Amino acid sequence: MRSRTMITAAFIVLSLGVVGAARTDAQAGHTAHDCSKAARIVARGHPVKKEDWAWSMLLVCGAQDSEAAHDAWLQQRSVSDTVQLEATYARLWSFRDAGLFDAAASIAADAAATPQSRVYSMMMLLAQLLDDTYPTYDFFISTGPFDVCRQSSVADRTIAVGTPLPSSDRQRARTLAKSLAADESAPAIVRSAGRCLDQALWIDDQVQAAKPIRPPSRQPAAPLGPRRSGSDTTRAGNQS
Amino acid sequence: MSLLEFPVFNLTGHASQTYTVTVSGDAPPHLTVTCPAEVTRGTDIDCAISISDSTLPFTITDLSARVVTRSAEVFETLHLPMPGTIPAGHVYHLRGPAVTTTMLTASASVTVDGQPIMLGGQAQFRVDPRPMEHEPYIMQLRPQISGPGGTTAYPRLGAATFGLYQSRSPDWNDIKTATVTSGPNTGLSYVLSIPGIPASLIYLTFAMFPGDPWYEAHPVHAGPLNDLGRQICTQSKIDRLRLDVERHEGVTLADSSHYGIDQKALRDWQLNVDFGGLVVNLPGSPQLVRQQMALKMATEWKMEREYVREIQDAFDSIDTPAILHALGCSIYLKI
């Protein structure tokens, strides 16, 4: 019945995501054992379907799996197979964790890493920073120098938190993104991903600065009339 | 209201008009600036500048347009090219596309009896939205469904929930823009066409479908209890759960779904008004101008998304527990 146990474990996690059930002490002990086992599997960074339960345990284990998530992502450094990268990304994108962020930042900045893993790392950085964003590979690799990156937003995303991100990580990601976007020696898809990450964070900055956000009243514009005193104002500047 | 008055939003504007006035004696000439009172965005306008005494040449010394840019939120002053001296009896025309409500101001000098005289004149025209700017900017396509038979893989760790609703932004790179090269709005860029909204994606976990191990592990008949002492949901209850999740995400296009909420917010927000009315005064290559305009649209889109997110979260906080409560059983196999 081993496989049945694994199925059960995986979907206990699934259910917790929905209803947030309370855990008993006995359950906690059981979970600690599962977390340890899951961490060893996750750290290998090569998801296979029969071990999905282990990746799902990230939701329950939290910081206990922080190192495993970090190690798992570092394993992607030499991977150019986007199927594998997508599989790992899809299992980790909603695990918000400082170790995972560090691993992603490290690969993104590493010229020796595969271009594909660098792109996925920048997607991971954005997924770490914004709650409702679901960065996708096709958008991240196709943003030219004069393009604007498309973004997706999601509802029903459940974010599991491992080790919380330091507040400086947003600026760190932005700085990295700008440097990669401008790096003429970087592969085209890396530069594209740099633009995407930079633009997404810039746009989010504008949005956060505009809060509280309310639907536009659709009031007509003020008349031009005689020039009024005071300076003209700008709601949002141009991106530099 | 007289014939020459017209409403300018919540105030009253005054249209310029050309008068022919016969004066006796040595009344000084005056400068006349005329424009049509209102036009639709993107259509050509012809503003004329002349002086009352057709026997005199005049020199335009300043020509500027005060305009509303960026979705009617910012005023800017454009300094327009000056034509120099206009021969006697001639009228100077400014012809070109009108893209935003504008106050055109001209200053001119004329020499009368050897003495220079400075003259000034103004005219305002209002630019009305194009029909496309009144159309609702909503999703025209049904959401695409993942799950068995679907084409899109479920984003995994998000598999902590039974479903995931993904809204995709328009392709900002499909925006068509133009920059006005003549007339009173010279230098302004505006939007010619706006890309549509792609279909949203709905991901459903395979777990709720017959054949999946989790589904099959649930009993066919009611009876078994889990460790919490609660009756485990039967497979038919999981079928019901699946239907509720499909409705919750928007498979059925229900108003009470993430898709329905998304659509309503888009309808309320009227992004076409912002997008269609976007007028900017930016230097740089056409590519750069288009990119900056696209960034402004992407920012406005994100504003709307951020607003909707709060509504979606509130919906989840009510609907998700309601779905699970309505089952009357526990979805847990074992705790």
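# A tour of chains A and B

Of the 240 residues of chain A, 46% count as buried, and as you turn the structure in your viewer, please keep in mind that this is a predicted model.

**Chain A as a whole.** Begin by selecting chain A and colouring it by secondary structure, which comes to 11 helices and 3 strands. If you follow the chain from the N terminus on, the elements run α-α-α-α-α-α-β-α-α-α-β-β-α-α. Of the contacts in chain A with a separation of 6 or more, 70% are between residues 24 or more positions apart.

**Helices α5 and α7 of chain A.** Next, select residues 66-74, which form helix α5 of chain A, together with residues 98-108, which form helix α7 of chain A; their axes come within 7 Å and cross at roughly 15 degrees. How do these two helices run relative to each other, parallel or antiparallel? With a crossing angle of roughly 15 degrees, and with angles under 35 degrees counting as roughly parallel, α5(A) and α7(A) are therefore roughly parallel to each other. The crossing in which α5(A) passes α7(A) is right-handed.

To see the residues that bring this pair together, show the side chains of A:S66, A:E67, A:A69, A:H70, A:W73 and A:L74 in α5(A), which meet A:G99, A:L100, A:D102, A:A103 and A:A104 in α7(A). The residues of this contact of α5(A) with α7(A) divide into 6 nonpolar, 3 polar and 2 charged.

**The buried residues of α7.** Stay with α7(A) and pick out A:G99, A:L100, A:F101, A:A103, A:A104, A:I107 and A:A108, which are buried. Against which elements do the buried residues of α7(A) pack? Their partners in chain A are α5, α6 (82-92), β1 (95-96), α8 and α10 (169-182), and you may like to display these elements together before moving on to α8.

**Helix α8 of chain A.** Now select residues 115-129, the 15 residues of helix α8 of chain A, which reaches 22 Å from its first C-alpha to its last, close to the 21 Å expected at 1.5 Å a residue. This helix α8(A) is mostly covered, since 14 of its 15 residues are buried.

With α7(A) still in view, you can see that the axes of α7(A) and α8(A) come within 8 Å and cross at roughly 145 degrees, and that α7(A) passes α8(A) in a left-handed crossing. On the α7(A) side the contact involves A:L100, A:F101, A:A104, A:A105, A:I107 and A:A108, which meet A:S117, A:R118, A:S121, A:M122, A:M124, A:L125 and A:Q128 in α8(A). The residues of this contact of α7(A) with α8(A) divide into 9 nonpolar, 3 polar and 1 charged.

**A cis peptide bond in chain A.** Before leaving this chain, go to A:P212, which lies in the segment after α11 (188-209) of chain A. The bond that joins A:K211 and A:P212 is a cis peptide bond, with omega at about 0 degrees.

**Chain B as a whole.** Switch the selection to chain B, which has 6 helices and 17 strands. Buried residues make up 41% of the 335 residues in chain B, and residues 24 or more positions apart account for 72% of its contacts with a separation of 6 or more.

**A buried valine in chain B.** Select B:V245, which lies in helix α3 of chain B. Why does B:V245 count as buried? The reason is that B:V245 has 22 C-beta neighbours inside 10 Å, where 20 or more are needed. Leaving aside its neighbours within four places in sequence, B:V245 is in contact with B:F162, B:G163, B:L204 and B:M208. If you also mark B:D319, which is 74 residues apart from B:V245 in sequence, you will find the two 9.8 Å apart in space, C-alpha to C-alpha.

**Two positive phi values.** Move on to B:L253, in the loop between α3 (235-249) and α4 (258-269) of chain B, where phi is near 65 degrees, a positive value in a residue other than glycine. Because B:L253 has 13 C-beta neighbours inside 10 Å, it counts as partly exposed. Then select B:Q270, in the loop between α4 and α5 (271-276) of chain B, with phi near 55 degrees, which is again a positive value in a residue other than glycine. Because B:Q270 has 20 C-beta neighbours inside 10 Å, B:Q270 counts as buried.

**An exposed serine.** End at B:S285, in the loop between β17 (279-280) and α6 (286-327) of chain B, which counts as exposed because it has 9 C-beta neighbours inside 10 Å. The C-alpha atoms of B:S285 and B:Q115, 170 residues apart along the chain, are separated by 45 Å.

Terms used. Residues numbered from 1 in each chain as written. Chains lettered and ligands numbered in written order. Predicted model: local features only at pLDDT ≥ 70, side-chain atom pairs only at ≥ 80, totals over all residues. Axes fitted to C-alpha atoms, helices over the stretch in contact; angles between N-to-C directions. Helix = DSSP H or I, 4+ residues; strand = E, 2+ residues; numbered from the N terminus. Parallel < 35°, antiparallel > 145°, perpendicular 65-115°, else oblique. Left-handed = near helix turned anticlockwise from the far one by under 90°. Contact = placed C-beta atoms within 7 Å. Nonpolar A, V, L, I, M, F, W, Y, C, P; charged D, E, K, R; others polar. Expected span 1.5 Å × (residues − 1). Buried ≥ 20, exposed ≤ 12 C-beta atoms within 10 Å, placed from the backbone.
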